[in-house]
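Here are a few short exercises to work through with the model open in your viewer. Try each task on your own before you read the solution.

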Amino acid sequence: MIDQATIDRIMDAAEISEVVSEFVTLKRRGVNQLGLCPFHNEKTPSFIVSPAKGIFKCFGCGKGGNAVNFIMEHESLSYPEALKWLAKKYHIDVQEEEETEHQKQLKDDRESMMIASAFAQKYFTRFVWEENEGRTIGLSYLRERGLHDNIIKKFELGYCPDGKDIFTQAAQKQGYKMEYLEKTGLTIKRDDWVRDRFAGRVMFPIHNIAGRVTAFGGRTLKSDKNIAKYLNSPESEIYHKSRVLYGIFQAKREITKQDKCYLVEGYTDVLAFHQAGIENVVASSGTALTPDQIRLIKRFSPNITIIYDGDEAGIKASLRGIDLVLEEGMNVKVLLLPKGEDPDSFARSMSSTQLQEYIDEHQTDFIRFKTKLLLENTENDPVSKARLISDIVRSISVVPDTITRSMYIKECSTLMDVGEDILYTEIRKVMQRESEDNRRKEYREQAAQQRQPAIPRPVNIAKNLCEIEEREILRVLLKYFHTEVFEEEGENPEDPIFISVGRFVLEEIEADGLYSDNELINQFLDLFRENLDNAEFKPMSFFTHHSDQRISQLASDLLSEKYTESKRWTRGGAFVEAENEILDLIVPKIVQEYKLRKVKNMLADLEKGIQLAASDMEKVMSIQNQYLNLKKVEKHLSIQLGNRTVTR
């Protein structure tokens, strides 16, 4: 267990914008910050961070909370694990009781695999620097490739000893279970046969966006053609190669700073660029570029330059990746290196300034790239030229932004000497075909679902009909709980009694015995009641920093920008006082509206009761008496609220 004092220190130190900006590019928007949500795919930012309130909120997917909630959600960690993550970031010591064997067994697989991977990285890194085999083979190879020691250390490169199961034995001696060594792919086990997957290979740890090692790439130094040159960790709970970019952890800050990302193919390409002073670079690690990888880059910048080898394979790879990048709404440029060069060799052949100047001079947008590449053999061939135009049109058609699409059409028209109206017509045809294909696909999926046996959906038994009013009450309590705005005459007329917003609201609700149909809202109100006489109670930080994620999520929702100033007080654009200046008017009105909504709901229930009891006149008369009394209450509340007519 982490003691409360340590939790408080972590909460005080964890600045929400600092934590979130580790993973999301934030831009200032007034007093808040705005970015693309990391929890769902979106093209228009709806993710807001409020440094003043210490919360985040996405109005697209609804997720929100404090810094701990963000780390829990983003890194799939438990509450204590997220606290430890933040404690490490802010150099706060966390003292805990030593884990028992039973507690270790209860650790989930994912965290255990992360721990095993972290051990492996430290083992391989130590081995390359401290062991004779590691220095003479692994370190020598890395230096022969021209890598400086600072780059080797920065990326935590290492070496796995050559042998049957040297690493596995070392890991087991340190208490790491075979189960997790297998699941991470570090060890291969078949019945009684065990061996190290990466034996005799130079090791490239693959870090996730938070800097934790999730997998490895290993390069063999043997010349045996039957052995794969590069070997990657298998897919696992912590590693999905289609969602990972090599170097993203080391590059993310520079990508944000430069507002551009360079995409290369392999591990050594990334290392060579870093050594040349260009750090905003990542690699797809030899896999075909995927939408998830593109979205990962887009979190930090919408601008990407794809750098590929100048051979035929590199050209084909660049063509495949362009449309995917365009489809995600990113600005893509392409740089093909001279024939026979790859990013690694090319970066090592020149200085940092020369490399940057070459990139700036030779990178080109995808239209010019495709035109130059494919037009070489089509100058006197109308059919081939028409195919080229169709190819470019297909690429332009996937661009989601209308203005960007129109700019590409204009450029294509100029380069290909084709009228813009013709290009617009062709693009409409392509988009229409795509739309029809999608509709047919949806129809087939719906037909397939209809053929499946129907699965009964859970019935929502109790719907909270007062949610709007109850959320408004909670919002006011969060912001103004201790604010004294009401005055009562005391025993001495010259010594009035001041009543806080919290006391007024809670006493009004309790006087009428009102409870919510939503247990979470009742839990909020109970916590407010417990702290009614606690002058040190700070509702905003208490609820947004609460260990119950449901509580902190709701508090963040209520305090996020969407709710900060209720539009209900604005009248036709006329000047209206700030909310905190008219609390003596607003708060009673909110409570009365809540009571009126409760009364209306009760009246609706009584009307149904009269219908159901139609054959029992005595019961009908009893319900009607209740109904008439409630109608009087409804009328009274409506008059207080200034409603001319009583409606439901």
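## Exercise 1: two neighbouring helices

Helix 6 and helix 7 are roughly perpendicular to each other. This is a predicted model, and your task is to find the geometry behind that label and the residues that make the contact.

**Solution.**
- Step 1: Two packed helices are described by an angle and a distance, both taken between their axes.
- Step 2: For helix 6 (residues 109-130) and helix 7 (residues 132-144), the packing angle is about 90° and the axes lie 6 Å apart.
- Step 3: Angles of 65 to 115 degrees count as roughly perpendicular, and therefore this pair gets that label.
- Step 4: Helix 6 contributes Phe 127, Val 128, Trp 129 and Glu 130, while the helix 7 residues include Asn 132, Arg 135, Leu 139 and Arg 143.
- Step 5: Sorted by class, the residues of this contact are 4 nonpolar, 3 polar and 4 charged.

## Exercise 2: a second pair

Repeat the analysis for helix 3 and helix 4.

**Solution.**
- Step 1: Helix 3 (residues 67-75) packs on helix 4 at an angle of about 110°, with 9 Å between the axes.
- Step 2: Helix 3 and helix 4 are therefore roughly perpendicular to each other.
- Step 3: On the helix 3 side you will find Ala 67, Val 68, Ile 71 and Met 72, which meet Tyr 79, Ala 82, Leu 83, Trp 85 and Leu 86 of helix 4.
- Step 4: The classes here are 9 nonpolar, no polar and no charged residues.

## Exercise 3: the cores

How many residues does the largest nonpolar core have, and which element gives the largest share?

**Solution.**
- Step 1: The largest nonpolar core has 71 residues, and those with the most contacts inside it include Phe 47, Phe 70, Ile 71 and Leu 86.
- Step 2: Helix 4 (residues 79-89) supplies the largest share, 6 residues.
- Step 3: A second, separate core has 52 residues, among them Tyr 141, Leu 142, Val 213 and Val 244.
- Step 4: Now select Phe 70: beyond its neighbours within four places in sequence, its contacts include Val 19, Phe 23, Pro 38, Phe 47 and Phe 56.

## Exercise 4: the sides of a helix

Which residues of helix 16 are buried, and which are exposed on the other side?

**Solution.**
- Step 1: In helix 16 (residues 352-362), the buried residues are Leu 355, Tyr 358 and Ile 359.
- Step 2: Their arc around the axis is only 95°, so they sit on the same side of helix 16.
- Step 3: Thr 353 and Glu 361 are exposed on the other side.
- Step 4: The buried residues pack against several elements, including strand 12 (261-264), helix 12 (267-275) and helix 15 (343-348).

Definitions and conventions: Residues are numbered from 1 along each chain as its sequence is written. This is a predicted model: local features need pLDDT of at least 70, side-chain atom pairs count only at pLDDT 80 or more; totals for chains, interfaces and linings use all residues. Side-chain values use heavy atoms; hydrogens and water are left out. Buried means under 20% relative accessible area, exposed over 50%, partly exposed in between (1.4 Å probe, protein chains only). Helices (H or I, at least four residues) and strands (E, at least two) are DSSP runs, numbered from the N terminus. The arc is that of the directions from the helix axis to the C-beta atoms. Contact means heavy atoms within 4.5 Å. A nonpolar core is a set of buried Ala, Val, Leu, Ile, Met, Phe, Trp, Tyr and Cys residues joined through side-chain atoms within 4.5 Å. Axes are lines fitted to C-alpha atoms, for helices over the stretch in contact, and angles run from 0 to 180 degrees between N-to-C directions. Angles under 35 degrees count as roughly parallel, over 145 as roughly antiparallel, 65 to 115 as roughly perpendicular and the rest as oblique. Ala, Val, Leu, Ile, Met, Phe, Trp, Tyr, Cys and Pro count as nonpolar, Asp, Glu, Lys and Arg as charged, and the others, Gly among them, as polar.
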